[in-house]
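The following note sets out, point by point, what may be read from the coordinates. It is arranged by residue and then by interface.

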Amino acid sequence: MEIVPLKLVTVIAEALLEDQLIADIKRLGARGYSRGEVYGEGSRGLRASEWEGKNVRIETLVGEATATRILEHLAATYFADYAMVAYVADVGVVRGEKYV
Amino acid sequence: MEIVPLKLVTVIAEALLEDQLIADIKRLGARGYSRGEVYGEGSRGLRASEWEGKNVRIETLVGEATATRILEHLAATYFADYAMVAYVADVGVVRGEKYV
Amino acid sequence: MEIVPLKLVTVIAEALLEDQLIADIKRLGARGYSRGEVYGEGSRGLRASEWEGKNVRIETLVGEATATRILEHLAATYFADYAMVAYVADVGVVRGEKYV
């Protein structure tokens, strides 16, 4: 069995951004994603007003270059105006070669 | 783009504890959280009877000191009597400075 | 407080496999699991046709040997024919000794 080191990118954002975020992620190189519904609380945008409500949680497994591309795009496009959290973790993926 | 190393704390527990856990986490220093519904099976409490049912899955991004504070509080307060799993992972967070 | 290093195994698969996957995971040594509903898109099986639809997301905390056993079983049993993603991450678990 082959375990490939990849990046797991997780994005949690206001639910209204869901379709747009998925289009972004695919365009930037992700081969797949999963998304679920969560409820969250936190700060919204650079002015850090408070946010509470229905969020989407999107996960995608990608190579390091794609992870960086996705995170940079999200920060530049959405962080000033929307409630969004984006983070990356190291994971080992079974048959991971199909994700890069 | 700035990626800040933070701790992702995940708590999975009996759904009835949801509000109390979120109040605890915020009081102990978390700036935000997300929560979703999961279903789980495992052992319950120190006497390890079996548990199966609706759970809440809470995630929060925090600095290392806050992560330790949260995990110690959970272990001391709930582990003896409730079904609960709590774990911590290293992640890199975009604009992570606002979480610490 | 004792934090035990363990493996968090995550499996995302077509929802119809849910019961079978949970039976597999328990038989192979997991002491518990949580599962939630997600929606996903990606490639399906070795022939990599496209898949889009309702998925189950199963997480379990296990020792390294059990993680390897679960991942090998999934790859051998399901990867050729089903939409499935399986990955492993390092986590620190409170009172983690009860999971191994």
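1. R35(A), in this predicted model, touches residues of two chains. Apart from its neighbours within four places in sequence, R35(A) is in contact with E18(A), I22(A), V56(A), R57(A) and I58(A), and also with V38(C) and Y39(C). The residue belongs to strand β2 of chain A. Its side chain makes a polar contact with the side chain of E18(A), at 2.5 Å.

2. G32(A) lies in the loop between α1 (18–27) and β2 (33–44) of chain A. Its relative accessible area is 15%, under the 20% limit, and G32(A) is therefore classed as buried. Neighbours within four places in sequence aside, G32(A) is in contact with T60(A) and, in chain C, with E41(C) and G42(C). The C-alpha atoms of G32(A) and I58(A) are separated by 10 Å, the two residues being 26 positions apart along the chain.

3. The interface of chain A and chain B involves 21 residues of chain A in contact with 21 residues of chain B. The two chains bury about 1,700 Å² between them, with 53% of that area on carbon and sulfur atoms. Within chain A, the residues that lose the most area to chain B are Y39(A), E41(A) and Y87(A), which together account for 33% of what that side buries.

4. Polar interactions between chain A and chain B include 2 salt bridges. R57(A) and E59(B) form a salt bridge in which the closest N and O atoms are 2.6 Å apart. Across this interface there are also 7 residue pairs in polar contact, both members being at pLDDT 80 or more. On the side of chain A that touches chain B, β2, α2 (64–77) and β4 (84–94) each supply at least two residues. The largest share, 7 residues, comes from β2(A). By residue class, this side of chain A divides into 13 nonpolar, 4 polar and 4 charged.

5. For chain B and chain C, 22 residues of chain B are in contact with 21 residues of chain C. About 1,700 Å² is buried between these chains, 54% of it on carbon and sulfur atoms. Y39(B), E41(B) and Y87(B) supply 33% of the area that chain B buries against chain C, more than any other three residues.

6. Which residue of chain C forms a salt bridge with R57(B)? The partner is E59(C), with the closest N and O atoms 2.6 Å apart. Across the interface of chain B and chain C there are 2 salt bridges, and 6 residue pairs are in polar contact, both at pLDDT 80 or more. The side of chain B that touches chain C draws at least two residues from each of β2 (33–44), α2 (64–77) and β4 (84–94) of chain B. Of these, β2(B) gives the largest share, 7 residues. The residues on this side comprise 13 nonpolar, 5 polar and 4 charged.

7. Aromatic pairs number 3 over all chains. One of them joins Y78(A) and Y82(A) edge-to-face, at 6.0 Å centre to centre and with 65° between the planes. Y78(A) is buried at 2% relative accessibility, whereas Y82(A) is partly exposed at 26%. Y78(C) and Y82(C) also form an edge-to-face pair, at 6.0 Å centre to centre and 65° between the planes. Here Y78(C) is buried, with a relative accessible area of 2%, and Y82(C) is partly exposed at 27%.

Technical notes:
Residues are numbered from 1 along each chain as its sequence is written. Chains are lettered from A and ligands numbered from 1 in the order in which they are written. This is a predicted model: local features need pLDDT of at least 70, side-chain atom pairs count only at pLDDT 80 or more; totals for chains, interfaces and linings use all residues. Side-chain values use heavy atoms; hydrogens and water are left out. Rings of Phe, Tyr and Trp (its six-membered ring) pair if their centres lie within 6.5 Å; planes under 30 degrees apart count as stacked, over 60 as edge-to-face and the rest as tilted. Buried means under 20% relative accessible area, exposed over 50%, partly exposed in between (1.4 Å probe, protein chains only). Contact means heavy atoms within 4.5 Å. Buried area is the accessible area (1.4 Å probe) that two parts lose on being put together, summed over both. A salt bridge is a side-chain nitrogen of Lys or Arg within 4 Å of a carboxyl oxygen of Asp or Glu. A polar contact is a pair of N or O atoms within 3.5 Å; within protein, one must be able to donate a hydrogen and the other to accept it, and residues adjacent in sequence count only if both atoms are side-chain atoms. Helices (H or I, at least four residues) and strands (E, at least two) are DSSP runs, numbered from the N terminus. Ala, Val, Leu, Ile, Met, Phe, Trp, Tyr, Cys and Pro count as nonpolar, Asp, Glu, Lys and Arg as charged, and the others, Gly among them, as polar.
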